[in-house]
Amino acid sequence: MSQTSRYIKDMEHGIIAVVGSGKQGKSCSLHSMLEIWQPDRPVCILDPIDIDMSVWPDRYSHAEKPADIPVGAIAVIEDVNRVFHSRGSSKDPTLQKWLGIISHRSNIVAFTTQCLAGTDLEFLRSQDTIIVNKMMHEEDLGFERPEFRESQAIANEWILAADENTEGYDRRSWCFFPRFNEVISVPKAEWWNDSHSKMFREAVL
Amino acid sequence: MTVSVVTDAEADRVLSLRASARTPLPPEISMMPPEKADLFFRRRAYYGLMGVDSHPLVRFLEGADISAGMAETLARASHLDRVSHYSAWCGSSSSVRMYVSDGESETEVREGRSRPPSQSAPRQQPPRRRRGPPLSDAGEP
């Protein structure tokens, strides 16, 4: 068993941050990881936009604000930079207050982002954070935070190496975990389809 | 045609990390000071030509040269990441472990090309990962 899976299976609270360029399988891998490593906890999609929850499994629900996240649930935020703007915590303390109590409420906050440079630092410095790297294009790598650029560059190389050294595994299934120095192919959840990967297709902004 | 490459210390560091993470270099290449590498490899070629490269004394002297060169390089190393990768190269495994998950369990990928169970015949051995440089067209390492 990998150190990564052992750690995430035992996670009671904390942050899981999935980083990578667009259409590299961030959301699919995130939900698939929750399916295999945290299968018993309720999952709450945190988003101010209305979402069709009928396409999601039974344990999924929707919340518009952090206060609505139940105790013990996993809060999933798609494209966290859209929901919580970078530096937004300096104007509005809601995020800080919420992250300050997720350990008390046994919440895991899992989010996807195309670049940590646009992500509020509160997510990265206030809790136990597991970063999951997907592929990031070279152009995007130049804009990434310097403290994460190295691990992302290494992640790119190992995802490519994993893709070259295996057959039959979608390159977008590979996830690099810099904390544990492991690259893992996470199988797609059986229920995942286009309606999940394009969940905001009909959204009204 | 002239090609100009502009880089800086930060870009150089990232590129060296990428290269060192991907390509495990043998210690005599990665750690030998440039000014000693020339003499080291000339001697090795000479001993090979004379047919004594596998003599215990020659191998002992080569080992001493490598150790002295690595010690000198490590003593003035500015990028400790190369050192941590070197310690992984000395061991039996690389610095990063590779796994494939089927949802129930994970299998470490070792040498060779690993396939999902649905696409392969019953496996006799655990999946293996190819290490080192790519195989030649002749299939020899």
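This report describes chain A as a whole, the aromatic pairs, and the surroundings of two residues in a predicted model.

## Chain A and its confidence

Chain A contains eight helices and eight strands. Of its 205 residues, 56% count as buried. The area that chain A exposes is about 9000 Å², of which carbon and sulfur atoms supply 50%. Among contacts in chain A between residues at least 6 apart in sequence, 72% join residues at least 24 apart.

The mean pLDDT of chain A is 87, and 95% of its residues reach 70 or more. Among the elements of this chain, helix α2 (residues 26-37) has the highest mean pLDDT, 95, whereas helix α5 (residues 122-125) has the lowest, 76. Where pLDDT is low, the predicted coordinates should not be read in detail.

## Aromatic pairs

Over all chains, the structure holds ten aromatic pairs. In one of them, the ring centres of A:Tyr60 and A:Trp191 are 5.6 Å apart; the planes stand at 70°, over the 60 degrees required, so the pair is edge-to-face. This pair links distant parts of the chain, with the two positions 131 residues apart in sequence terms: A:Tyr60 belongs to strand β3 (residues 60-63) of chain A, and A:Trp191 to the loop between β8 (182-185) and α8 (194-197). A:Tyr60 counts as buried because its relative accessibility is 6%, under the 20% limit. Both residues belong to one aromatic cluster, formed by A:Trp56, A:Tyr60, A:Trp191 and A:Trp192.

In chain B, the rings of B:Phe40 and B:Phe41 have their centres 5.1 Å apart and their planes at 85°, so this pair is also edge-to-face. B:Phe40 is buried, at 4% relative accessibility, while B:Phe41 is partly exposed, with a relative accessible area of 34%.

## Surroundings of A:Ser106

A:Ser106 is located in the loop between α4 (94-101) and β5 (108-113) of chain A. Its relative accessibility of 15% is under 20%, and A:Ser106 therefore counts as buried.

The side chain of A:Ser106 makes a polar contact of 2.6 Å with the side chain of A:Glu12. Leaving aside neighbours within four places in sequence, A:Ser106 is in contact with A:Glu12, A:His13, A:Arg41, A:Gly72 and A:Ala73.

## Surroundings of B:Glu62

Helix α4 (residues 56-75) of chain B includes B:Glu62. With a relative accessible area of 14%, B:Glu62 is buried. Apart from neighbours within four places in sequence, B:Glu62 is in contact with B:Phe40 and B:Arg44. B:Phe40 is thus a point shared with the aromatic pair described above.

Conventions:
Residues numbered from 1 in each chain as written. Chains lettered and ligands numbered in written order. Predicted model: local features only at pLDDT ≥ 70, side-chain atom pairs only at ≥ 80, totals over all residues. Heavy atoms only, no water. Helix = DSSP H or I, 4+ residues; strand = E, 2+ residues; numbered from the N terminus. Buried < 20%, exposed > 50% of the residue type's maximum accessible area, 1.4 Å probe, protein only. Polar contact = N/O pair within 3.5 Å; in protein donor to acceptor, adjacent residues only side chain to side chain. Contact = heavy atoms within 4.5 Å. Areas by Shrake-Rupley, 256 points an atom, 1.4 Å probe, with all protein chains shown as cover. pLDDT = per-residue confidence, 0-100. Phe/Tyr/Trp six-rings, centres within 6.5 Å; stacked < 30°, edge-to-face > 60°.
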